[in-house]
Amino acid sequence: MTSDDITLTAGDAEVTLQPWNGGRVGGLRVGGVELLRQGAKFGCFPMVPWCGRTRDGRFLDGGTVRQLPLNAPPHAIHGTARDGAWRVARVTADEAVITYDLVEPWPYPGRVTQVFTLTPGAFTLTMSVETYGDSFPAQIGWHPWFNRDLGGADAPAEVQVAFTPAWQEERGDDHLPTGERIDPKPGPWDDCFGMPGGVDVTLTWPQRLELRVTSPEEWVVVYDEQDAAVCVEPQTGPPNGLNTLPRLVTPIEPLEATTTWTWRSL
């Protein structure tokens, strides 16, 4: 933790926010147990103004091809806001609001706002993107790294992931959706799934804790190919969505999304 961190508390839950480090959630402790993987690149970071990979770092805006830096060659990944310092707009004991102005290499002026609200049994993250000028395509998502094993107990506590998607986006060799929808396959995953009724994924650490990740959005990427953590990423569209399913930010209609994590002890 640094002096620039923000700490929210409610009941036995404590959240650490790091506006200086890409506007990310640095930690979530429940009953003193840390649920998020620790480290400067982990915790939970905002994916904005796009989610996942954008093919070749290019997307079409009307008749103009826009080029983004290839930070995951040959693609551009996870937006630009996770790389910048965010401003603190408001802080109370259990809520914080932070903002980030979109700058180069993103080609459009705009502002991203995140609101974090903590209660004794839930943590809600809300994000919005507004434009200062012309309309532009964008996406919103969250990339939490949940610890695979909570440790510190005699009982096994390796996480189990449960969800019932309507479909899985077929993944090509380039890790991008092919555009085909297939029946969901068993893991391990680095895949995007469709949940038209809203994202609803349950993480269970046996005999320790159950945590549900929900969102009104219908897209979720699940990544569990790492030994230390698993990721459950609600988002407003699939990877490469700036090209295949863009959501438009207009002067009269910002792009908004929310996700809530709720938990209970087992």
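Here are legends for a few close-ups of aromatic rings in this predicted model.

**View 1. Trp 106 meets Phe 136 edge-to-face.** Across the whole structure there are 15 aromatic pairs. In this one, the ring centres sit 6.0 Å apart and the planes make an angle of 75°. The two partners come from distant parts of the chain, 30 residues apart. Trp 106 belongs to the loop between strand S11 (95–102) and strand S12 (110–119), while Phe 136 is part of strand S14 (residues 136–138). Phe 136 counts as buried because its relative accessibility is 0%, which falls under the 20% cut-off. Trp 106 makes the cut too, so it is also called buried, at a relative accessible area of 1%.

**View 2. Tyr 108 stacks with Phe 136.** Here the centres are 5.1 Å apart, with 15° between the planes. Once again the pair ties together distant parts of the chain: Tyr 108 sits in the loop between S11 and S12, and Phe 136 in strand S14, 28 residues away. Both Tyr 108 and Phe 136 are buried.

**View 3. Five rings join up as a cluster.** Step back from the two pairs and you'll find Trp 106, Tyr 108 and Phe 136 linked through ring pairs with Trp 50 and Phe 59.

**View 4. Arg 82 sits over Phe 45.** Now for a charge and a ring. Arg 82 lies over the face of Phe 45, 5.2 Å from the ring centre.

**View 5. Arg 181 sits over Trp 167.** This is another arginine over a ring face, with Arg 181 placed 3.6 Å from the ring centre of Trp 167.

Terms used: Residues are numbered from 1 along each chain as its sequence is written. This is a predicted model: local features need pLDDT of at least 70, side-chain atom pairs count only at pLDDT 80 or more; totals for chains, interfaces and linings use all residues. Side-chain values use heavy atoms; hydrogens and water are left out. Rings of Phe, Tyr and Trp (its six-membered ring) pair if their centres lie within 6.5 Å; planes under 30 degrees apart count as stacked, over 60 as edge-to-face and the rest as tilted. Helices (H or I, at least four residues) and strands (E, at least two) are DSSP runs, numbered from the N terminus. Buried means under 20% relative accessible area, exposed over 50%, partly exposed in between (1.4 Å probe, protein chains only). A charge sits over a ring if NZ of Lys or CZ of Arg is within 6 Å of the ring centre and within 35 degrees of the ring normal.
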